[in-house]
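This report describes one protein model for a reader with its sequence and coordinates at hand.

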Amino acid sequence: MRGSGPRESDAVTRVGVTVTFLRMTERPTSPVPQLPPNATVRQWRAPSNDAYRDLQMKVGHPYLWWLRRVMPEAELAAILRNPQLAINVLYIDDNPAGFYELDAGHWPFINLNYFGLMPHAVGRGLGSAFLRHAVENAWSGPIRGMTVNTCTADHPRALPAYERAGFSRTRAIKEIWSIPDRLGFTIPDHLKV
């Protein structure tokens with residue numbers, strides 16, 4: 001679905017989440033887990049809005065990733081063309097399996113805007129190696145640290161995975177989202193407000 005921004009006439013479901021913010025101030029020294037030999041990671045440079053939204057929907061739909069799906073076309077295009085943003089796509093046997101986004105807009109810290117696997121890749125032992133790929137990629141330059149946030153709508157293993165990768169919690173806040181029903185999410189009852 002193409003983004004058209006929020007509409008006043010949209011029916012919405014109100015969702016309550018706890019957002020946890022994390023930070024990493026030193027490059028991890030533990031051994032780097034390797035992706036399998038049939039895996040490659042390729043950087044997407046300025047993808048089209050439609051290609052990006054399709055990728056984000058395939059990865060984030062189970063976790064209510066909605067903001068960029070309703071973002072106005074020009075706004076999303078500007079984000080995707082920003083040279084401070086790096087979108088890295090995981091391919092398994094040459095088929096997309098997940099992606100992460102590194103954002104240098106708050107230099108000297110790099111934010112991990114998005115990280116996730118497509119449903120067919122979850123549970124196959126790829127997550128730790130792919131997350132460490134993102135961490136190593138960010139630390140390949142002269143940075144002071146990395147940031148990321150996750151929320152209670154994400155995969156239940158997301159927060160522990162970030163902590164195992166070397167991130168530490170800095171704070172948590174509660175948010176209420178008004179998610180347009182037209183996006184077709186199945187919202188768990190425990191998140192509905």
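The sections below cover the basis of the model, its salt bridges and one helix.

## Basis

The model is predicted: local features need pLDDT of at least 70, side-chain atom pairs count only at pLDDT 80 or more, and totals for chains, interfaces and linings use all residues. Residues are numbered from 1 along each chain as its sequence is written, and side-chain values use heavy atoms, without hydrogens and water.

## Salt bridges between distant segments

The count comes to nine salt bridges, each defined as a side-chain nitrogen of Lys or Arg within 4 Å of a carboxyl oxygen of Asp or Glu. One of them joins arginine 182 to aspartate 10, with the closest N and O atoms 3.0 Å apart. The two residues lie 172 residues apart, arginine 182 in the segment after β7 and aspartate 10 in the segment before β1; strands are DSSP runs of E with at least two residues, helices runs of H or I with at least four, both numbered from the N terminus.

Aspartate 10 is buried at 15% relative accessibility, whereas arginine 182 is partly exposed at 21%. Buried means under 20% relative accessible area, exposed over 50%, and partly exposed in between (1.4 Å probe, protein chains only).

## Helix α4

Helix α4 has twelve residues and spans 17 Å from its first C-alpha to its last, close to the expected 16 Å, which is 1.5 Å times one less than the number of residues.

Within α4, arginine 132 and glutamate 136 are four residues apart, about one helical turn, and their side chains form a salt bridge (3.0 Å, N to O). Arginine 132 is buried at 6%, as is glutamate 136 at 19%. Both belong to a salt-bridge network with Arg27.
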